[in-house]
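Please open the structure in the viewer and keep the selection tool at hand. The tour below proceeds from one selection to the next.

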Amino acid sequence: MGFNQSSSDACLYMKDLGRGEWIYLLIYVDDIIVACRLQEEIDKVQRELGQHFRITALGPVSHFLGIAVTRGDDGIYTINQGTFIQKIAEEYCLDGAKKSSIPMDVGYYKHSTNSEYLPDNTKYHSLVGSLLYISTNTRPDIAASISILSRKIKNPTDVDWTELKRTVKYLYGTANFGLKLGSTVTEGQLKLEAFCDADWAGDTVDRKSNSGFVFRLGQSSVSWGSRKQPCVSVSTMEAEYVALAEVSQEATWLREVQSAPTVVWEDNRSCIDFVALEKQNRRSKHIDTKFHYVKDLVAGGAITLRYCATDNMLADVMTKPLGPAKMRKFADMLGLVAIKAGHRS
């Protein structure tokens with residue numbers, strides 16, 4: 001049919017229609033989304049597929065893989081997993097519990113050291129899996145809490161279980177929140193940017209730091225991550241540098257078709273200065289060479305580092321538990337909005 005498979009995602013197929021128009025096919029097993037601005041091209045694809053397979057055309061997308069898709073009056077789409085969140089809350093008898101304003105207690109690390117182990121981790125394991133599916137698809141605001149709690153699957157404690165249920169209560173209270181996908185700017189003005197941060201020695205047990213990042217395309221959050229670093233950093237600057245190296249790898253993959261440098265926002269001036277150094281000093285000789293990848297990308301013009309004040313560092317929400325005020329601020333910056341009744345799918 002003339003489609004080319006994407007080198008970045010084996011489930012995505014593209015076709016250049018000429019005159020600046022494209023058509024895309026996104027395939028997952030036997031579910032397909034066709035995206036194009038020309039309705040006649042969508043109809044043509046349906047006819048051609050219908051010659052080989054028994055298909056059902058469901059019209060404009062409203063649900064895909066359990067994710068609800070809503071189109072606003074401004075043409076911007078919002079994805080939401082409210083139904084799935086409701087199901088989880090009911091399954092664990094939390095639909096009648098008091099809602100939480102945060103997904104995780106800011107004092108978690110302090111309280112988790114002296115807690116009894118759960119006699120059975122079956123429910124804990126199952127709930128972590130369900131919440132991971134939500135955090136990776138539509139709710140980046142719980143990425144940090146799930147990243148931290150998923151490390152305790154083998155031997156979870158009472159405190160871990162309490163925090164996991166708190167995450168469910170937070171989601172249940174914000175079940176109508178959806179992630180915006182779209183922008184009011186023109187295609188030529190769309191720019192990919194990243195926010196990078198680290199919580200130095202956040203884990204009080206092994207003193208390893210947490211890395212966090214968020215990539216935005218225009219006004220949409222398109223990629224995010226919260227991970228424990230593989231090494232122990234001896235300073236805040238080093239923890240930020242390791243996080244920056246991880247972000248650089250993600251940027252290399254995301255910016256495949258972008259020629260202009262990708263701006264990466266960083267809130268540690270020492271880290272930015274360190275990347276600009278041509279030589280290593282004695283304090284940085286121990287840093288693994290694999291983390292110096294970021295220097296090559298900066299030198300080659302692939303990414304540009306810029307300073308961002310800590311109060312506006314979006315990736316902060318990916319590194320550690322935050323209080324209610326910061327959670328509300330960063331959830332809004334991530335593009336999480338309450339879906340209004342009456343919006344059409």
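A residue is called buried when its relative accessible area is under 20%, exposed when that value is over 50%, and partly exposed in between. The model on the screen is a predicted one.

**First stop: D316 and K320.** Select these two residues and show their side chains. K320 has a relative accessible area of 25%, so it is partly exposed. D316, with 3%, counts as buried. The two form a salt bridge, and their closest N and O atoms are 2.3 Å apart. Why can such a contact arise? Side chains of opposite charge can pair when their charged atoms come close.

**Second stop: the annotated domain.** Next, select residues 2-104. For this range, an unreviewed UniProt entry records the feature "domain: Reverse transcriptase Ty1/copia-type". Colour the selection by secondary structure: helix accounts for 21% of the chain here and strand for 33%. The C-alpha atoms at the two ends of the range are 49 Å apart.

**Third stop: helix α1.** Within that selection, pick residues 39-50, the twelve residues of helix α1. From the first C-alpha to the last, the helix reaches 17 Å, close to the 16 Å expected at 1.5 Å a residue. Which residues of α1 are buried? They are I42, V45 and L49. These residues lie on the same side of α1, because they cover an arc of only 60° around the axis.

**Fourth stop: E21 and R37.** Now display the side chains of E21 and R37, which are joined by a salt bridge with 3.4 Å between the closest N and O atoms. E21 belongs to strand β3 (residues 21-28), while R37 is in the loop between β4 (31-36) and α1, so the pair ties together parts that are 16 residues apart in sequence. Is E21 buried or exposed? Its relative accessible area is 16%, and E21 is therefore buried. R37, in contrast, counts as exposed, at 57% relative accessibility.

**Fifth stop: L58.** Move to the loop between α1 and β5, where L58 is found. L58 has a relative accessible area of 75%, which means that it is exposed. Add I33 to the selection: the two residues are 25 residues apart in sequence, and their C-alpha atoms are 10.0 Å apart in space.

**Sixth stop: a nonpolar patch.** Switch to a surface display and select Y28, V29, L65 and Y133. Together they form a nonpolar surface patch with about 400 Å² of accessible area. One of these residues, L65, sits in the loop between β5 (63-64) and β6 (67-71). L65 is partly exposed, since its relative accessible area is 35%.

**Seventh stop: helix α6.** Select residues 158-173, which make up helix α6, and locate E163 and R166 there. The two are three residues apart, about one turn of the helix. Their side chains meet in a salt bridge, with a distance of 2.9 Å from N to O. E163 counts as buried, because its relative accessibility is 4%. R166 has a relative accessible area of 22% and is therefore partly exposed.

**Last stop: a network.** Finally, select D203, D206 and K228. What links these three residues? A network of salt bridges does. How many salt bridges does the structure hold? There are nine, among them the pair D316 and K320 with which the tour began.

How values were computed: Residues are numbered from 1 along each chain as its sequence is written. This is a predicted model: local features need pLDDT of at least 70, side-chain atom pairs count only at pLDDT 80 or more; totals for chains, interfaces and linings use all residues. Side-chain values use heavy atoms; hydrogens and water are left out. Patches are made of residues with over 30% relative accessible area and no salt bridge: like charges are joined within 9 Å, nonpolar side chains (Val, Leu, Ile, Met, Phe, Trp, Tyr) within 5 Å. Accessible areas come from the Shrake-Rupley method with a 1.4 Å probe; for residues, only the protein chains shown count as cover. A salt bridge is a side-chain nitrogen of Lys or Arg within 4 Å of a carboxyl oxygen of Asp or Glu. Helices (H or I, at least four residues) and strands (E, at least two) are DSSP runs, numbered from the N terminus. Buried means under 20% relative accessible area, exposed over 50%, partly exposed in between (1.4 Å probe, protein chains only). UniProt positions are given in the numbering used here, feature names are shortened, and annotations may be inferred rather than shown by experiment. The expected span of a helix is 1.5 Å times one less than its number of residues. The arc is that of the directions from the helix axis to the C-beta atoms.
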